[in-house]
Amino acid sequence: MNTASELPDTQTTADAAIPQATGYFASRSDLPFHAPDFTRISDDDYAPAFAQAMAIQNAEIAAIVNNPAAPTFANTIVAMETSGQMLSRVATVFFALTGANTNDTLKAIDADISPKLSAHGDAITLNPELFARVQAVYDKRAAMSMTPEDAKLLEETYDSMVHAGAKLTPAQKEQVKAINTRLSTITTEFSQRLVQATKDNALVVEDKAMLAGLSDAEIESAAKTATSRGVDGKYVIALQNTTQQPLLPSMENRDAREKLFMAGFHRADKGDANDTRTLIAEVAKLRAQKAALFGLPDWASYVMYDRMAKNPKTALDFMQQMVPALAATQRREAAMLNTEIKADGGNYEVQPWDWDRYAEKVRKAKYDLDESATRPYFQVDRVLEDGVLFAANKLYGLTFKKRTDLPVYHPDVTTYTVFDRDGSELGLFYFDPFQRDNKRGGAWMSNYVDQSHLYGTKPVIYNVLNIPKAPDGEPKLVSFDNVETMFHEFGHALHGFFANQKYSSLSGTATARDFVEYPSQVNEMWAADPVILANYAKHYKTGAQIPAELIQKIDAASKFNQGYALGEVVEAALLDMKWHSLSAPQAAAIDTPEKVNVFERKSLQELGLEIDLVPPRYRSSYFSHIFSDPTGYSAGYYSYLWTEMLDRDSRAWFRANGGLTRANGDHYRDTVLSRGGTMDYFQMFQNFAGRQPNVQPMLEARGLTEPKK
Ligand SMILES: [Zn+2]
């Protein structure tokens, strides 16, 4: 039976039981591309719409479960995929606004609705009758004729339910529940102890002379912190969450530097009430035990099931490949800093608390780039239209038409129709560039409408950034960092625009955590491409092109001090992966604070970097990304490095094949940007580059190769 070609037969299911949708979100908007009609939505609409939309999806799921017909791909898998359409319409608009243009009403609804949405999702994923039908279809898959995308949808639906616990026995489910409860308690305890430890271990200085090198404002702020903490007349330097502390480069007194560094380094391993080490050991043990209940060797294998790297070994091998070049660079950098220290009259070898101070001196002397020299060349509108969109035209043949007829939630938001290479409409683009008090920090991309051939919908995509806004009447100039961010976010947008999928859940950027940042990083390469740069980087007053040496300086600076900068991240990523690739018995054997130290030290030593000069960005005892939240970034910190590897290798491919050409763009679109989450990521990369990804270009980009003689 060829079930895949059937359309979801919602007509035969118990339609009468499905509540009638009402209000704005009941159907797709009437605007072009079904763009959100902000003129018709009020804050009061969301709460009832969410409630109604969840009730509708529950009824839709019940109809699937109660369908008297035998389970098929269409009546089960596709029916699940197409359930909850109203919910996704409400949620996409709601969460777009809570991110970019929130207010107290939206915040209150968010706090109320978020736990409800997560419970709603869990109830579907863990519905045993629903899973029985999914399992029945899955078991027949070998005999079914399916498109690769259908097969992927089936696999993802099945895997995600198994991952949530659908195949566990009732006793195992109880065990998982108990583990989750305990994990939630101790990860919360970890956060609380760490907050307190970070506060308590702030550096207290009695003698102002120890603070030599800090600015008056920094010293005043340290005095104020002291007053607020009841030690009036002294100075308190609060700790930041990383190993290195931001004030270290300015501090002239070496003893003070060492004290501040050590206060941070040992903040949570002092054997007091805020020591986090026994908690870490227990988190690692419980996570390994939970993985074992799923029949998996370790936590990393459990959480990485849908990632590109798939298992801890792949991630660890990848990190290991960077070590020889990285360790050599660390030694080279240390020697350079030792020379600098001697020149400065110092009679000692560089230590971690000296590193940033002397690196900063070298950076200033060799690579200092005065931002005020570059900013006049980067006007936000020109960067967008003559840079970002121009690059998309050169590479992919896209054209853009600004439009003024669509409602927006804020006057700073602009919209463009995106036309494909054949002139047909491809989608709609919203651009919201400027910082606002009601916008959260950072930059991001998402969809108002997902591309889907099943629904016949084209992508409606937005980019949100936080560029400081110049006063009215002044040119809207941006830093080169923000220029790169604009290219980055539009890289995500391209991934969304080129989506060519039947199912929205596999469409566009719906890809693995260690893949999704890859296309966006690749798009950053065009920011400094000579052809693109010449087209957008023109002085706002004179129209002169940006001098080449300014761009060369930016490039040279990006290669400086990378033995440290990359090394500390690799070490943190290694610690994350080592803790999460322990088996349950291995984790259980690490049962004292001392053994936590031994495990951390041994793991780092085995890696082979200069760990005493370049300690990890986070030690285990204050690695809140991986220990303070039940899921968070555990076994995921390597993702930043992994996508950078894919990115740099892809840039190398573009360069080797002629750079900025339509042929290259079309090839990248065909092999990667149009594929969504429909196929194996290694295969996707293979199809693009003709080989497997290679770490070498990343090392070269960071200057981790022998300097040219
Ligand atoms: Zn991104």
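This is a conversation between a visitor and a guide about a predicted model, taking its sheet, its zinc site and some of its salt bridges in turn.

Visitor: What makes β3 and β6 the edges of the sheet?

Guide: The sheet is open, with 5 strands in the order β3-β4-β5-β7-β6 and mixed pairing. Residues 399–403 make up β3 and residues 444–449 make up β6, and each of these strands has a single partner, so one side of each is left without a neighbour in the sheet. Neighbouring strands are turned against each other by 25 degrees on average, with direction ignored.

Visitor: How do you know that β5 and β7 are paired?

Guide: Two strands pair if at least two bridges are found between them, and 6 bridges join β5, residues 425–434, to β7, residues 460–467. These two strands therefore count as a pair, and they run parallel. Phenylalanine 434, for instance, stands opposite isoleucine 467 in β7.

Visitor: Which strands do the helices α15 and α16 touch or lie across?

Guide: Helix α15, residues 380–396, lies across β3, β4, β5 and β7, and runs at about 150 degrees to β5. Helix α16, residues 480–497, packs on the sheet and touches β3, β4, β5, β6 and β7, its direction making about 165 degrees with that of β7.

Visitor: Why is the site of the zinc ion called irregular?

Guide: The protein donors are His488 (NE2), His492 (NE2) and two OE atoms of Glu517, lying 2.0 to 2.8 Å from the zinc ion. For four donors to count as tetrahedral, all angles must lie between 85 and 135 degrees, whereas the angles here run from 51 to 145 degrees. The tetrahedral label therefore does not apply, and the site is classed as irregular.

Visitor: Where along the chain do these zinc donors lie?

Guide: The donors follow the spacing H-x3-H-x24-E. Histidine 488 belongs to helix α16 and glutamate 517 to helix α17, residues 517–523, so the pair ties together parts that are 29 residues apart in sequence.

Visitor: Are histidine 488 and glutamate 517 buried or partly exposed?

Guide: Buried means under 20% relative accessible area, so histidine 488, at 11%, counts as buried. Glutamate 517 is at 29%, which lies between the limits of 20% and 50%, and therefore counts as partly exposed.

Visitor: How do you know that arginine 331 and glutamate 610 form a salt bridge?

Guide: Side chains of opposite charge can pair when their charged atoms come close. The cut-off is 4 Å between the nitrogen and the carboxyl oxygen, and the closest N and O atoms of arginine 331 and glutamate 610 are 2.9 Å apart, so the pair qualifies. Arginine 331 lies in helix α12 and glutamate 610 in the loop between α22 and α23, so this pair ties together parts that are 279 residues apart in sequence.

Visitor: What makes aspartate 555 and lysine 559 a salt bridge?

Guide: Their closest N and O atoms are 3.6 Å apart, and that value is within the cut-off of 4 Å, so aspartate 555 and lysine 559 form a salt bridge. Aspartate 555, at 42% relative accessibility, counts as partly exposed, and so does lysine 559, at 34%.

Visitor: Why are glutamate 600 and arginine 619 called buried?

Guide: The side chains of glutamate 600 and arginine 619 meet in a salt bridge of 2.9 Å, N to O. Glutamate 600 has a relative accessible area of 7% and arginine 619 is at 8%; both values are under 20%, so both residues count as buried.

Technical notes. Residues numbered from 1 in each chain as written. Predicted model: local features only at pLDDT ≥ 70, side-chain atom pairs only at ≥ 80, totals over all residues. Heavy atoms only, no water. Helix = DSSP H or I, 4+ residues; strand = E, 2+ residues; numbered from the N terminus. Axes fitted to C-alpha atoms, helices over the stretch in contact; angles between N-to-C directions. Contact = heavy atoms within 4.5 Å. Donors = N, O, S within 2.8 Å, 3.2 Å for Na, K, Ca; no water. Tetrahedral: all angles 85-135°; square planar, octahedral: opposite > 155°, others 65-115°. Buried < 20%, exposed > 50% of the residue type's maximum accessible area, 1.4 Å probe, protein only.
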